[in-house]
Amino acid sequence: MARAQKDTRPIADQNTSEAACTYAALILYEDNQEINSAKLAQIIKAANLRVEPIWTKVFEKALKGKRVGDLLHGSSGNAPASQVATTTTAPAAQQAKAPEPAKEVKKVEEPEEDVDMGGLFD
């Protein structure tokens with residue numbers, strides 16, 4: 001019976017682990033697959049990296065129920081697409097309806113005062 005070979009690769013540091021999980025999540029998103037810790041770990045292993053298992057679980061929980069595409073484009077990823085569209089267009093419509101005339105604000109210039117800095121800049 002053959003024994004399973006122990007993984008001898010060093011565990012990546014925190015920044016590398018986060019980046020690896022991020023890229024793995026983006027790969028799964030692009031392939032329209034569910035983002036879970038097993039798939040993240042599989043992609044990371046295929047990239048010849050080794051991360052602590054907690055990182056894949058953290059990313060799975062963080063992205064569960066979120067639409068990654070919405071996160072990439074700046075919305076929270078929680079609201080349905082129709083709500084996102086109406087939310088982003090409503091303020092623009094209000095701004096278009098009520099343009100306010102620009103008011104000129106005159107700034108009164110005050111004379112500069114000499115402040116004694118105790119010889120600091122002499």
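## A helical chain and its nonpolar core

The chain exposes about 10,700 Å², and carbon and sulfur atoms supply 53% of that area. Please keep in mind as you browse that this is a predicted model. Its secondary structure comes to 5 helices and 0 strands, so the order of elements from the N terminus is simply α-α-α-α-α. Of the 122 residues in the chain, 18% are buried. Looking at contacts between residues at least 6 apart in sequence, 47% join residues at least 24 apart.

### The core

Let us start inside. The largest nonpolar core has 14 residues, and those with the most contacts within it are Ile35, Leu40, Ile44, Phe59 and Leu63. Helices H1, H2 and H3 each supply at least two residues of this core, with H1 giving the largest share, 5 residues. As a general point, nonpolar side chains in soluble globular proteins tend to be buried together.

Which residues does Ile35 touch, leaving aside those up to four places away in sequence? They are Ala25, Leu28, Leu40, Glu60, Leu63 and Val68.

### Helices H2 and H3

Two of the helices that feed the core can be read in parallel. The table sets out their buried and exposed residues, with the arc that the buried ones span.

| Helix | Buried residues | Arc of buried residues | Exposed, on the other side |
|---|---|---|---|
| H2 (37–46) | Ser37, Leu40, Ile44 | within 65° | Ala38, Gln42, Lys45, Ala46 |
| H3 (53–63) | Trp55, Thr56, Phe59, Leu63 | 95° | Pro53, Ile54, Lys61 |

In H2, the buried residues are Ser37, Leu40 and Ile44. Seen down the helix axis, they fall within an arc of 65°, so they line one face of H2. The spacing fits a simple rule: an α-helix has 3.6 residues a turn, so residues three or four places apart point the same way. On the other side of H2 you will find Ala38, Gln42, Lys45 and Ala46, which are exposed.

What does the buried side of H2 pack against? Its partners are helix H1 (14–30) and helix H3 (53–63).

The surroundings of H2 are worth a look too. Asn36 caps the N-terminal end, with a side-chain oxygen 3.3 Å from the backbone nitrogen of Ala38. Just after the helix, Asn48 takes a positive phi of about 60°.

H3 buries Trp55, Thr56, Phe59 and Leu63. Around the axis these cover an arc of only 95°, which puts them on the same side of H3. Pro53, Ile54 and Lys61 are exposed on the other side. The buried residues of H3 pack against H1, H2 and helix H4 (68–72). Just after H3 comes another positive phi, of about 80°, at Gly65.

### One salt bridge

How many salt bridges does the model hold? The count comes to 1. Here the side chains of Asp70 and Arg67 meet, at 2.7 Å from N to O. Are the two partners buried or exposed? Asp70 has 18% relative accessibility and counts as buried, because the cut-off for that label is under 20%. Arg67, with a relative accessible area of 33%, is partly exposed.

Note on methods:
Residues are numbered from 1 along each chain as its sequence is written. This is a predicted model: local features need pLDDT of at least 70, side-chain atom pairs count only at pLDDT 80 or more; totals for chains, interfaces and linings use all residues. Side-chain values use heavy atoms; hydrogens and water are left out. Buried means under 20% relative accessible area, exposed over 50%, partly exposed in between (1.4 Å probe, protein chains only). Helices (H or I, at least four residues) and strands (E, at least two) are DSSP runs, numbered from the N terminus. The arc is that of the directions from the helix axis to the C-beta atoms. Contact means heavy atoms within 4.5 Å. A polar contact is a pair of N or O atoms within 3.5 Å; within protein, one must be able to donate a hydrogen and the other to accept it, and residues adjacent in sequence count only if both atoms are side-chain atoms. A salt bridge is a side-chain nitrogen of Lys or Arg within 4 Å of a carboxyl oxygen of Asp or Glu. A nonpolar core is a set of buried Ala, Val, Leu, Ile, Met, Phe, Trp, Tyr and Cys residues joined through side-chain atoms within 4.5 Å. Accessible areas come from the Shrake-Rupley method with a 1.4 Å probe; for residues, only the protein chains shown count as cover.
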